[in-house]
Amino acid sequence: KNANGKYTVTMIEGDGIGVEISQAVKDIYAAAGVPIEWEPVDVTPIIKDGRTAIPDVAIESINRNLVALKGPLATPVGKGHVSLNLTLRRTFNLFANVRPCKSIEGCATAYDNVDTVLIRENTEGEYSGIEHVVVPGVVQSIKLITRPACERVIRYAFQYAQSIGKTRVLVVHKASIMKMSDGLFLKTAQDIAKEFPDIKLESEILDNTCLRMVTDPEPYKPVVMVMPNLYGDILSDMCSGLIGGLGLTPSGNMGDKVSIFEAVHGSAPDIAGKGLANPTALLLSSMMMLRHMKLNEYADKIESAILATLASGPANITRDLKGTASTKHYTEQVISRL
Ligand code: NAD
């Protein structure tokens, strides 16, 4: 807590619609009386020693506050910058990407019974970025899997399952083909499972998980899924689709020390500045943040208002959800239901 008795949280508004959806969060938090003071930081990348880096003031702010809420960042194309999202993950060692996926009333999809959690290893695997040309016309890309990285994300998955009352951890893998790399991930899970006798460990082959989940999401309700980077990237978007799309899906990037909560969608340049953006994903990400900070009563209050607004019909929801509301109208509706 700071001198005013409030918690200071770093706010990265982000690009495009980031400004509009961050404003919605700030307005709703002010109306709900959440004891948070936002510390806005600019993360426009700088080049330091020939590498893309985050400005020091932003790093200091996040290290000081330990918690940040982040809007989408547009990745500049062809300017020599690597993705800033990747840079943030590396800078703060954000090893686990957590994505709860739960059906929302009023946002109709093929299923109304989705309620699962996906945890993606966030630092290595297929996205290690180790690629080279062997001879012209032949390239090699290295999938790096290390036991320490497996251990920390799998242990986190078990702890997360315990904390939210889920009874099973499901490792999603392709150890049938990638016997050594995914094999190590799976073997590590079997070892870690011994530390958590009250949680059941299961495993499933990735393609089977995709098929089964889109056929019937019900069996995945008691489950926290955990998997290597690439599988998590793809499967998490599939899960988003099952609940109504990226405009509704929250996420948290968890590290040893720092956590950064963010919507999974991008900066939506096509609608930026028009007052049409749906702030729900960033809002729900901030609910994860509040619960992480043990401010559950505020999270429960705001979440109920969000869900009641989404269920209240097309006049109060945004266009991406087939409604007619502006960002401002939606925000006012949430505030009126607090
Ligand atoms: P996008 O998610 O920005 O947009 C895809 C489509 O979804 C667009 O039609 C957009 O209007 C719509 N959309 C997305 N979020 C919405 C919301 N909250 N409300 C209403 N509609 C929404 O994906 P893109 O166009 O591929 O990427 C645009 C930029 O965002 C790129 O520079 C990309 O690098 C960046 N990006 C950033 C992140 C991140 O910061 N985590 C994630 C993905 C993409």
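**Note on helix packing, the sheet and the ligand shell**

1. Helices α1 and α8 lie oblique to each other. The reason is the crossing angle: their axes cross at roughly 50°, and angles that fall outside the roughly parallel, antiparallel and perpendicular ranges count as oblique. The two axes come within 9 Å. Helix α1 spans residues 18-32, and helix α8 spans residues 280-292. The crossing of α1 and α8 is right-handed. Note that the model is predicted.

2. Which residues make the contact of α1 with α8? From α1 come I21, S22, A24, V25 and I28. From α8 come L282, L283 and S286. By class, the contact of α1 with α8 holds 6 nonpolar and 2 polar residues, and no charged ones.

3. Next, the sheet. It is open and built from 10 strands, with mixed pairing. The strand order is β2-β1-β5-β14-β13-β6-β7-β12-β10-β11. The edges are β2 (36-40) and β11 (200-205), each of which pairs on one side only. Between neighbouring strands of this sheet the turn is 25° on average, direction ignored.

4. One strand pair is worth inspecting. Strands β10 (residues 168-173) and β12 (residues 223-227) run parallel and are joined by 4 bridges. V171 stands opposite V226 of β12. Helix α5, residues 181-193, packs on the sheet and touches β10 and β11. The direction of α5 makes about 165° with that of β10.

5. Helix α5 also meets helix α4, residues 147-164. Their axes come within 9 Å and cross at roughly 50°. Helices α4 and α5 are therefore oblique to each other. Their crossing is right-handed. On the α4 side the contact uses R147, C150, E151, I154, R155 and F158. On the α5 side it uses L184, F185, T188, A189 and I192. How does the contact of α4 with α5 divide by class? It has 7 nonpolar, 1 polar and 3 charged residues.

6. Last, the ligand. How many residues surround it, and which are the closest? The ligand is surrounded by 21 residues. The closest are A74, T75, H265, G266 and N278. By class, the shell around the ligand contains 10 nonpolar, 8 polar and 3 charged residues.

Terms used:
Residues numbered from 1 in each chain as written. Predicted model: local features only at pLDDT ≥ 70, side-chain atom pairs only at ≥ 80, totals over all residues. Near = placed C-beta within 6 Å. Nonpolar A, V, L, I, M, F, W, Y, C, P; charged D, E, K, R; others polar. Axes fitted to C-alpha atoms, helices over the stretch in contact; angles between N-to-C directions. Helix = DSSP H or I, 4+ residues; strand = E, 2+ residues; numbered from the N terminus. Parallel < 35°, antiparallel > 145°, perpendicular 65-115°, else oblique. Left-handed = near helix turned anticlockwise from the far one by under 90°. Contact = placed C-beta atoms within 7 Å. Pairing = 2+ DSSP bridges.
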